[in-house]
Amino acid sequence: MPRTRRSLLAGAAGLCAAAATRPLRAQEPGLFGPLGGDEFREPTAVLTVDLPQLQYPGKWNPRPGAMRELAVELRLRTRLEPVREPSVVTADSRRLFDTPFLYVAGEGNLPPLGAAAETALGRFLDLGGMIVFDAADGGADLGFEKDVTALLGRILPGAALTRVAADHVLYRSFYLVETPLGRTSTFDHVLGIHEEGRLKALLVRNDLGGALARGESGLFTWPCVPGGADQREWAFRFAVNILLYATCTDYKADRAHVETLLRNRRWR
Amino acid sequence: MERWRITAGHVPGPFGLVLVLAAVVLAIVEAARAYRKPVPGVSPRLRAALFALRCAGALALLAVALELSLSFETTSSAGPRLVVLVDDSASMGVADAESPGQKAMRRIDRVRELWRRSEPARAAWKEQGLAVQVRRFGEGSEPLTGETEATLDLAARQPASDLTRAFAELAAVDPAVDPRPLAGVIVVSDGLFDRADRGADDPLVLAGRELGVPITAVAAGAPHLVDLALTELRAGEFAFVENVVEFAADIEAHGLEGAKTEVVLRRDGQVVATEPFVAPASGQTTVRFEVAPDRVGQFVYEIEVRPVEGEASPHNNRRAFVVKVLRDKVRALHVAGRPDWDVRALRTLLGRDPNVELLSYYILRGADDADREDPFAPLSLIAFPTDELFKEQLGSFDLVILHNFDALNHQVGRYLPDIGRYVEEGGALVMIGGDMGLATGDYPAPALSAVVPVDLRVPTGLDTEAFRPTVTDAGRRHPITAWIDHSGLSNWTALPPLDSYNPAKLARHEAEIGSAVLLRHPEGGPLLTIAEPGRGRVLVLSTGASWRLGFHADLPIVDGARPYDLLWLGAIRWLLRDSAADRLTLETDRPTYLLGAPITLRAAALSPSYAPEAGVEIGWRVQPLGRAADDPGADPNAPVTILSQGTWTTDALGRASETLAGGLSVGAYEAVAQRAGGDEAAAAPQQARRVFLVQAAGRELTRLASGPGDERLKRLADATGGRFLRAADDDLPAAPPLAPDRQDRERVDSRRDIPVWSGGVAMVLLVVCLGGEVLVRRRIGLA
């Protein structure tokens, strides 16, 4: 029963730490430790980040649990603190504006969302939000891409989805990623609308959610083709990059970072 | 000669005049008929006497009715006028010579010699009946009289030379005051006038033509000049701190080929750059200075080419100008302990501003994340250069933002005292709350605590209940948050609620560092607190949810901006001491004044909460900036002489002002206002400063070479039919060119009026004559 023994040891260590902490916490303010700090700080509430997904009439959730899995991976790999259960919002809901990030998945076609919903999405983007569209067909059907293009044409008149260049900061916001892989690897690039110095909308066409989603059994629901586990790992890395870009924007394009990366030959 | 005439003091209207004249004529005609008609018993002598009485009475009536007076005038013939205009400006005091070997002579002395030499010609002018009027001109013109007229003993110190204006003053002479017709003008000058020479359209020539008489021009200058002059200056009114700006000066050299000197650039009297200078044979050289102002403010710069021995004038060797140095790019360090929407919002705002040079370091993964990571995963992460940021480069930042940053976990704890000192020495610090940093007590350094208005000794924890802040009285006035009240949003119902709060407490020393709470949590705790410790400024925002002010379904837009932008842009302006956010301001009504013009200083005082501060005592003074412009030999380290000073007490609106009567000489000056009791060295915010220049009206001594002046004078003479002469070679002409169609006029030298109607004489005469006639007629039976 090694597992039980480790649990006991961990529990004992926790109790010791708690016992050691109490007298220090009882001290008067102003008595700082050797570093000038209190090394035994109590945990506080955490400011979490939601990864909401848009719900609409139709196939709005072709890869159930994809965002939840991404939230887990973000917590494990980065300092982001996503919520454990990402929310689901509708375009006409006031909760749309609870988070300046929105994940929109779809398969086949994206049905019309209605004028009110489109107005809300336009305001969402104008105020600084970012929408990631994920085509679950992975390149087999261009219906979703066509409808997303039309939708964006209506809510961002004059803007067009264009190829996000390979040297865009999106590919190095956390990992150095060369190709935006998903469940498939049909496309070697993503499309985006770049305005006001930021990506307002992103269209991923390699079924990113399909690579992330895990079923009740704990196993990944869909196989990644043709690269298998490696491709899935790269899909996770790209998904992490998207969220780091969403929260830090072009932070990794700052001169200090670029110079350091080039100096270390870690980025071409 | 003398003459007399009868004048009427009162002329009645036409009807009245006809009536009076008719009555007089009728009376005289009736009397004449009576005189001619023989009457028995009445002798012709008696009839004649009656007629005489009637006539005298009628005339007396006329005198009274028309208020007649006798006018006696002494007149003389007014001959044509010849005006001699002599230049009395400073350039006439410059010495030059006919050739390099000759001894230099001041131009005004050359003119004086000409005047003496031309005495016979002057006598001839009078013999010809010319009325000679000698006037000097500089900024204006005025007649010379007595000894000065006879010798032309002029000082040549006028700061400008405006012949066009002198011509205009001649043209404006009222003929009633001086009826002598202008027949000719003689101009004696070096031809270096204020107004620009525009060739064919030269306003001077046009004004000369307007006089309608020949203008004889006598050039006072000589071709050989020894001088260095700073003729043109190219400098903008604004520069940016730490950015290279160029100041260029054109230096004109005459007669100093090969002479070595140097050109210096001063800021507020202190030399900041020097360039060697070797004088060319003749002509213009451009000297350029490239400087990077090291601080923001208003400064007087001066470029001077150091005088060389024998120069005609040292006063044209330097020029001063005022430059306002602005902040170019604000260098901001943004350190965040975790990426989130609040970090994103602030980064987007700062990154969007082209005036902000943003250096960001965000902690993207923790130590436990790193342990889990595939060691071969290609990451874009770089080491957190703590020593470089918080030790070596800290002073280079205008603004440091610690955003939800767990400093102790990232070995920044040891640098916290440095951040405290950075603030003390003038830096700006922002601390933003969240679930780390303030919440976890990550800033536990006494030196940092001493400059922060909230208590950093205790972790505040994090409250995630949504709340609507309240705006304090100070917040309603303060530039960071005043927009909330001005927009009618102070009850916060139209603004998004915030959903994170670090329940901080104010530090015990908060009053000592001039703190103010601008926004509060509904339960009373400070949410947005500012302070001014030492020379720096600190802002603590005890929430990590301010991003919600920029992203909400019903977000109000205020003056075209999101509330989030207004809050943070106001905060940054205040933190960086944007002049609009200073609590003591001093302004002059202009940066540059003409000599003698009044100078107005205005101050305004605001309290720490930005309310107008009444009753504040402000000491003010005006002093020369660096060395006096007119004193090249002054010791730059000598104590500054205060030229004017006093104390203001601000009015109910926190204002005070003073107007100086304009007694300052040409030069650069500094006006300083300081709150009474403020420590000038340590508390810079308590002091305000402005610089200004006092300059002469023209640029009289900018260019001294006589050649261009001679050409201009010659053109003037040619255009008006006059002659061009040189003072060194020629005498004044005995018969100067004069207008051909002139006509002599009679001039009344004196006039005396004797009223015949007043004083009772006319009335007595009237009564005696008319009454006597009636009485006589009765006695002889004619009535």
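## A tour of chains A and B

T600(B) touches E587(B), T588(B), D589(B), Y593(B), E658(B) and T659(B), leaving out residues up to four places away in sequence. Please keep in mind as we go that this is a predicted model.

Staying with T600(B) for a moment, this threonine sits in strand β28 of chain B, which covers residues 599–605. One of its partners deserves a second look: the side chains of T600(B) and T659(B) are joined by a polar contact of 3.2 Å. T600(B) has a relative accessibility of 12%, so it counts as buried, the cut-off being under 20%.

### Helix α7 of chain B

Let us move to another part of chain B. Helix α7(B) spans residues 203–211, and its buried residues are L204(B), V205(B), A207(B), G208(B) and L211(B). Viewed down the axis of α7(B), these buried residues fall within an arc of 160 degrees, so they line one face of the helix. What do the buried residues of α7(B) pack against? Their partners in chain B are two helices, α6 (163–171) and α16 (706–720), and two strands, β8 (182–189) and β9 (215–219).

The ends of this helix are worth a visit too. At the N-terminal end, D202(B) acts as a cap for α7(B), with a side-chain oxygen 3.0 Å from the backbone nitrogen of L204(B). After α7(B) comes G212(B), whose phi is positive, near 75 degrees.

### Chain A in outline

Chain A has 7 helices and 7 strands. Along the sequence they follow the order α-β-α-β-β-α-β-α-β-β-β-α-α-α. Of the 268 residues in chain A, 52% count as buried. If you take the contacts in chain A between residues at least 6 apart in sequence, 74% of them join residues at least 24 apart.

### Two buried residues of chain A

Q231(A) and A213(A) make a handy pair to look at. Here they are next to T600(B):

| Residue | Place | Relative accessible area |
|---|---|---|
| Q231(A) | helix α6 of chain A | 4% |
| A213(A) | loop between α5 (208–212) and α6 of chain A | 0% |
| T600(B) | strand β28 of chain B | 12% |

Q231(A) is buried, and a polar atom of its side chain lies 3.4 Å from the backbone oxygen of T184(A). Beyond four places in sequence, Q231(A) touches L181(A), G182(A), R183(A), T184(A), S185(A), C224(A), V225(A) and P226(A).

A213(A) is buried as well. Its contacts, leaving aside neighbours within four places in sequence, are R63(A), P64(A), G65(A), A66(A), F220(A), T221(A) and W222(A). How far apart are the C-alpha atoms of A213(A) and R68(A)? They are separated by 8.1 Å, although the two residues are 145 residues apart along the chain.

### The largest cavity

The structure holds 6 cavities of 30 Å³ or more. The largest cavity contains about 40 Å³ of space. Its lining is made up of M67(A), L70(A), F101(A), Y103(A), V132(A), L208(A), A239(A), I242(A) and L243(A). By class, that lining has 9 nonpolar residues, with no polar and no charged ones.

Which elements of chain A each supply at least two residues of this lining? They are α2 (66–77), β3 (101–106) and α6 (228–248). The largest share, 3 residues, comes from α6(A), the helix in which Q231(A) has its place.

Methods:
Residues are numbered from 1 along each chain as its sequence is written. Chains are lettered from A and ligands numbered from 1 in the order in which they are written. This is a predicted model: local features need pLDDT of at least 70, side-chain atom pairs count only at pLDDT 80 or more; totals for chains, interfaces and linings use all residues. Side-chain values use heavy atoms; hydrogens and water are left out. On a 1 Å grid over the protein atoms alone, a cavity is a set of points where a 1.4 Å probe fits but cannot get out, and a pocket is an open set with protein on both sides within 12 Å along at least five of seven lines; lining residues have an atom within 4 Å of a point. Grid points are joined across faces, edges and corners, and a volume is the space filled by probe spheres set on the points. Ala, Val, Leu, Ile, Met, Phe, Trp, Tyr, Cys and Pro count as nonpolar, Asp, Glu, Lys and Arg as charged, and the others, Gly among them, as polar. Buried means under 20% relative accessible area, exposed over 50%, partly exposed in between (1.4 Å probe, protein chains only). The arc is that of the directions from the helix axis to the C-beta atoms. Contact means heavy atoms within 4.5 Å. A polar contact is a pair of N or O atoms within 3.5 Å; within protein, one must be able to donate a hydrogen and the other to accept it, and residues adjacent in sequence count only if both atoms are side-chain atoms.
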